[in-house]
Structure formats: C-alpha cells, structure tokens
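Let's take a walk through this structure together, beginning where the chains meet and ending with a pair of packed helices.

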Protein chains: 2
Amino acid sequence: MLAAEVKGKMINIVGEGNFDDSKTGRLVYSYDATPNFQSLPAAVVSPRNTREAAEIVRICNEHKVPIVPRGSGTNLCAGTCPTEGGIVLLFRHMNKIIDIDEENLTATVQPGVITLDLINAVEAKGLFYPPDPSSMKISTIGGNLNENSGGLRGLKYGVTRDYVMGLEAVLANGDIIRTGGKLAKDVAGYDFTRLFVGSEGTLAIITEATLKLIPIPETKKTMLALYQDIESAAKSVSKIIANKIIPATLEFLDQPTLEVVEAHAKIGLPTDVQAVLLIEQDGTPEMVNRDIERMSAICKEENAVSVQIAESDAQAEALSSARRTALSALARLKPTTILEDATVPRSEIANMVRAINNIATKYHVKICTFGHAGDGNLHPTCPTDSRDKEEMERVEKAFEEIFVKAVELGGTITGEHGVGVMKAPYLELKLGKEGIAAMKAVKTALDPNNIMNPGKIFAKDSRKRVVITR
Amino acid sequence: MLAAEVKGKMINIVGEGNFDDSKTGRLVYSYDATPNFQSLPAAVVSPRNTREAAEIVRICNEHKVPIVPRGSGTNLCAGTCPTEGGIVLLFRHMNKIIDIDEENLTATVQPGVITLDLINAVEAKGLFYPPDPSSMKISTIGGNLNENSGGLRGLKYGVTRDYVMGLEAVLANGDIIRTGGKLAKDVAGYDFTRLFVGSEGTLAIITEATLKLIPIPETKKTMLALYQDIESAAKSVSKIIANKIIPATLEFLDQPTLEVVEAHAKIGLPTDVQAVLLIEQDGTPEMVNRDIERMSAICKEENAVSVQIAESDAQAEALSSARRTALSALARLKPTTILEDATVPRSEIANMVRAINNIATKYHVKICTFGHAGDGNLHPTCPTDSRDKEEMERVEKAFEEIFVKAVELGGTITGEHGVGVMKAPYLELKLGKEGIAAMKAVKTALDPNNIMNPGKIFAKDSRKRVVITR
C-alpha cells in the first residue's frame, strides 16, 4: 500500500481517473505473459505526458517506491511483473505517433503505440519498420524498446535496437534527458540510446523514441522446405548464409511444433516431416526470384524432401501467420507453457537442436523447438503444468542444462526475450561475476535507490529460477 | 614521470622492449591528428596480449596513473592526446585478425588491426565490412571502435557501432569482461558492447572485437552532379531520399573544397561550379542501374548543370579517392587546419550550409564545407594559422556558432569525430546538464579513480575550447 501522502501527490499529478489502487485494477496488472509469476502492485498510474511521468518518478524516488513501466505486458521474462510491489506506470495515454518524417526517414512515437499500428502507418507511406516481434499485434513500442525485441526479420534487418535513433527518457531522479535525434550519425557522448534499449526499465523510463525507417522492399516471396531430419535443415541454413544470401526470414519448426501449429491454423502444413524451414526473401523482383531459386537448389542439395514456393500473397501470408501463432498453438496443449530463447551462433544450430532433444529425453519432458534459425535464435518450448511440482522441477533442470549448453556453444541465455526475473539466475553463466558487477555499478550510479523496475535482471540467487505460483 | 616502482612493475609485465619512457618515444605519442593539442605521456607501453593489458590497467588503477589507449592516433578530437600525462597504451602487438567466420559472417580482430587491412581481408572472401572512415588506410579498428567512426558509407550501411557484435574489454579495475558474441540476437544484460563503442577509452579498454560482416554488393556505380547553387544540391539530396532511394554514398563538396581537392588530386574535377554531389550506388546490377538513372533524373530536375556517370571502375575509384583526400588537400592551404563535423537531420542541410557561410562571413574566416550529405554530416573546415591568436579567436567563435546552430536545427556537435578534448566544452549544448550528469555517474561508477583516458568527453570548463599551443 502506498502511504496516503504519496497517493495524494500522485493523484494531484495525473488526476483521479489515472490513479487506480482498487483490488481489480491491481490484479489486472499483477502479471504479464510469463507463466508462474504474479505479484500485486500498490497502484496503477497512467501519466498523460512526459512531465507527469517525470513528476511521478520524482515522487517514487523520494519515497523509495518501485516503478514498473508497462506497455501491453507481452514479454516472456516476467519483466513487467511487479515482484517488488510499487506502482505500475502505464502508457495507455501516451500512445501517439508524433510524426512520420519522410525526408529524414524517421518515426517519432510515444511508448504506448501498438507495434503493428506503427508498422501499418509507416507502410502506408511506402516505408518500413522491420522489427516484428510475434506479439506485434498487441505489444507496444515502449515494451519493444525496454526488451530490445527481435522478431522474424532479425537476420536481415536486425532488432529493435538497430532502429532507435534517439530517446526521451526520465531518469530515476526525475530528470528528463534526450539522446540522439533524427541523425544518421551522432557521437556526442555515451550511447545512452542503446544502453537504455533492452535495459528493461531498470535504468530509465522511455517516454518518446525516434525510430529509423527504411524504404519498403518492393516485393516478397515465401518458400517452405521440408526435411526428414533436423540435421539437413540446419545444414541448409548454414549453406544459404555461406552462399552469401541473407533472406528476410529463415524460420525453423520441428515436428511437434508443426503438428500443433497445423492443428491450430489448419492451412495444410505437413505434419509427417521432422523439420520445416519457412523462408522469405524481399527486395527487387529479380533479386527475390534469383535468391528463392538459389535457396531452393540449396535446400534440395541438402536433402529437403520437398520445396514449395508460395503461389500467392495470401498463401505466403497464411504460412507466415501460422508461424507467428506457434506460441499460442503450443499454449493450448497444457496448462503451462514455458517458452525459452536460448541462442547460439548459427553455425551451431544443429548441435543445439540435438542437445535440446537429448536434454528433453534425459528429463522426460516434452520440448518442441521452433525459432529464427537464421539468427541461431531458438525457442525450445515446454508444454507442462505448474501444479505438478515434480514435473516442474525436471523442466527447470532441463532448461538450466539448455542455457549451459547454449553458452558453451558460444551462445547466450536470451536472444530476444530479455532477462527480467525469469532469466536473472542464469545471467552469470553468460556474463561472469565481473560483467554483472560492472552492470550493477552502472545500475546503482543511475538509480541509487533501486526504484527502477527492481528485482529485474539482477538475481537474488544465482542459477536458481524463482518460481512464484500464480 | 612514473615512480620507479610502477615502471619496474610494468617492465616486468610487458618486457623491457615494450616500455618506452625515452624523450623521443614520449614525444612521438604526445599528439594525434588534432591540431593544437600536445602533451607528453610519462611512458608508452605496448602489451602483447589481453592478460598483459589487464595487468597494466590494474597497476595504473592502483597507482592512479592515467591510461590513453591508442591505435594510429588519426582522430580529430584530441581523443588520444595524453593531456593528463600517464601512459599511452599502444596496440602495435595486438594487431591480428583472429578469424573471419564465413558461416556466421563475423570477423574477430585485435584492436591494432589497420582498418583497410581488415576490409581487404574480408573482401577477398566476398564479404563486406562497410565502415570506411577517411583515415582507413592508417586508422586501426581499436581507434574506430573507441570513436565509433563513421565514413562515406554511413547513410546506407551505418557506422562502426552497427557492426560490433561483441567485445572483450578490460575495465578500470583490471577485470576482463566479454560482451555479446557471434550472435545476431543477444539481450543478456545491459548493452555494454554499444556503451563502450564510442566511449573513447573512458570506460574500458577494448582488447578484442567480433564484427559483423555482410555479403559484398555485386556491383557499384558512381555519378557526379554539378550545381551552380548549394540549395539545389541540398534539395537533390532530400529528394533522392524522399524517393526512397538510399545510395551507398552521397557526398557533398562546395566550391572552395573542390578547388583544393582538384589541385591536389588532378583528376579533372570541375572547379567553376558552386557544389558537387558525388553519388555511389551498389547492389545488384539492375538495381544499381535503375537507381543511378532515377538519381540522375532527380538531380537534373533540381537544376544540376551537369550529371556524369563514371565510365569505368578506375574513374569511379579516382573520384572516390579524390573525395577521401579532401582533408589532406585542405591541410596544404595553411599551417593549421580545423576540420569539424557538425551534423544535422538531412532535411536541414541547405539551412546548415547557408548558416556556415554566413558565420564564416561574419567572422572573416575561410570555411570550406564538404561531407556526407546523405547523413547530414558536414565537415566545415577552416584553413588557418594557430600562431595568429587574433584569427584563432575568430575561428573559435565561428565554430561555436556553428555548433549552436547545428543543435538548434535538431543536430549534434559531432557526427563521427568524437568529443575528446576538442568538443568537450560544447557537449552540454547537445546533452544538457542532466545528460552530462548521468554520463558522469556512469563514468565514475566504472572508473572511480578516473584513470581511463581522463580529461576526455567531460569538459573542465563549459563552452570554451581549450587551445594548447603545440
């Protein structure tokens, strides 16, 4: 509970209607898309502009009230679960596209803009904002910035971070700062733009962003390659890149994933093969045709049992949509779905998929794997039931081994989902004690009272995942 | 002078031959490419590997000895001038390309590798490392990383930062940390990779980097558009981008620059026009041809008096080389050459060039302007004589006004040269007191004894450029 004095000050700033400490309001924002994490905030506060956001932060700093900034809460690392209480700072009013600048190829947006709304607005002007997290229909740009979201187009186009040119942000002390701008080049001072992107709200509250746009590719084609063994699919991926073709997306789905995706989407995906590569290329028509032809040839050389090229935009769209529903489809299997994103150098994909399957067998758990093969960004996913404590323990052990293996192969514990609470215990595997100490020094310097999304990124205990029962 | 104890310890680590505190040795490293800055270091130390570098840093931290990491010293912001004494840490031994990984499209290098050597090695394998600072024939990758160097290809391909996937770095306490990896996606922890890139050695010493490579464009074409007024050239730039064409380079040279470049390069550049755009496009042959045609049409529509397309690779190369020699050519005019890099949103280029010319007239100084028009990254350059105190004062005032104007137009005080000592007094213009305070907090957190390239980025006095006479 917030002290009456604090509550009064906050209502003075945002108005009665934008401060909610009702049981219902708090319950709604007590969890995000991450299974097994829930904790009630003391209140939900919705600032109407940056000034209000800064004033709220200042009060929180004075009274040591934790702040959890939140968009739509679609993250999968419990990054927006208010595990330490305090307030949820909601950006429902700050949801404007401020401008789309066709001369400088930028979009300036508030954090509450829905990702797909921005993508659509930009595409209407013949421009392109590539980052496309699977949750883009409901995720917000603010959430994407805080988590440095990836997506299917990461291989060719990069991730959210690669499209951020400038930020307006509120620091823990309530100061409002601006980084970067509509500038292709800017080396004036430390790169706080990119330090803040992906820092999960632990260093600053992002209140505005200037994003880079590019011309939209003229055309796009989609193909599907089917394999009777995972190895051949992985080899195709490596060979495509080694042949200097960078497709727009290069997605991998294993047989168990295919089965559930097809059951969900019903678009005629084969379910009797061991693996599928879903490949898209975009660009000029000649380039797309040539690349698709060359990739078809490579897939066949690597023993694809079938290579199909989508015959229409509708068919291509259906394939790509089906892939995007993988999580929802898998989530229907069991009460709890744990989706991870261990990532390896792309040359290690076959090794990683093999290791995941061995680990699943070892711990008698079902793990379906799909993901962005071109990035080495895999999503091993476990349909399970958090009420079954014994199984959950095996699941936890399996994922711990998966993370260890990923790091061993030169990879990382999270490619695009963020650390949050969920991955915090494993961060040391990747960064070492020294790396974490340096991060903590920066965190403490910018947020001495630890009010900015506390409990995230930095683990209380190392190597042990904290499971809070919903 | 270093205490005998410190000197002894350092020699123990790197060996007699890699520790130089002779007058000559110190003199050689007392300045960099920046005019008017000189200061003797106490010694020049050349570690042979990361472990030695870390041990040297640890000793410096213990004894509060400043460290200035240095590649070839080609920077233009006095970033490697040892203004506070201490040691220059030279990477002449750590100059290996560790690997070029064709499957993951990465190059792993030590900081002492010459930029052009890397570019050539990579191109020999059909791959491409785009960052191309004008100094690339002698600059090192380590220097490029510390300054986040740009170059001519920034518009289409981005800058050094955009090609860094991972680092090995030594912190002020001597800890060795690793960030990122051969990973297209990695969100495990704060983005120290990009925080360190461009931090000018003030936060960490970079000892290894994993760089992103891309397939080399198949073909390239170069064109030259001549204008009798600057306005038309600037309008052509905006119109090209607004037409959704992103050329590989889009360079601007004004008449005074053209004249000196032609006198130096003697390749038949016109000197009787007010402005030139030098444009390159790369990609598939069809795309390049189409874009060059469309850009020619746009330039003509915007009153170019002549548009020429280079007829051979040799002619194209001559044009592009001539552009790269602009600084050397300008440097022949007068004893002192002050080259700046005020940068604006590209839509403001015409306004900025006009402002620069007005400011030059106001202060009776000669300012030639050239630069990366596509990026809005201009290089107003003043041939002057540092011995003429009265003129130097006017030059300083003129540049201060240029920086103020750039920031006013939504720009920045430095697009690609870095802050160093040179721009430090102006940094507050861009970042405000609050932004600088936040940067200082991070600096102090990671380097409490202020041994990492002290005196750089953070100004002693605001808004006043410190001129040290050589």
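Buried area here is the accessible area, taken with a 1.4 Å probe, that two parts lose on being put together, summed over both. Keep in mind as you look around that this is a predicted model.

With that in hand, turn to the interface. Chain A and chain B bury about 6200 Å² between them, and 61% of that area lies on carbon and sulfur atoms. In terms of residues, 80 from chain A are in contact with 80 from chain B. On the chain A side, the residues that lose the most area to chain B are A:Lys185, A:Val187 and A:Tyr190; together they account for 16% of what that side buries.

Charged pairs appear here too: 12 salt bridges are found across the interface of chain A and chain B. For a salt bridge to look at up close, try A:Asp191 and B:Arg161, whose side chains meet at 3.6 Å, N to O.

Now move into chain B, to helix α13 (residues 349–362) and helix α14 (residues 389–408). How do these two helices of chain B pack? Their axes are 10 Å apart and form an angle of about 155 degrees. Because angles over 145 degrees count as roughly antiparallel, α13(B) is roughly antiparallel to α14(B). The crossing of the two is right-handed.

From α13(B), the contact is made by B:Met352, B:Ala355, B:Ile356, B:Ile359 and B:Lys362. They meet B:Ala398, B:Glu401, B:Ile402, B:Lys405 and B:Ala406 of α14(B). By character, the residues of this contact divide into 7 nonpolar and 3 charged, with no polar ones.

Methods: Residues numbered from 1 in each chain as written. Chains lettered and ligands numbered in written order. Predicted model: local features only at pLDDT ≥ 70, side-chain atom pairs only at ≥ 80, totals over all residues. Heavy atoms only, no water. Axes fitted to C-alpha atoms, helices over the stretch in contact; angles between N-to-C directions. Helix = DSSP H or I, 4+ residues; strand = E, 2+ residues; numbered from the N terminus. Parallel < 35°, antiparallel > 145°, perpendicular 65-115°, else oblique. Left-handed = near helix turned anticlockwise from the far one by under 90°. Contact = heavy atoms within 4.5 Å. Nonpolar A, V, L, I, M, F, W, Y, C, P; charged D, E, K, R; others polar. Salt bridge = Lys/Arg side-chain N within 4 Å of Asp/Glu carboxyl O.
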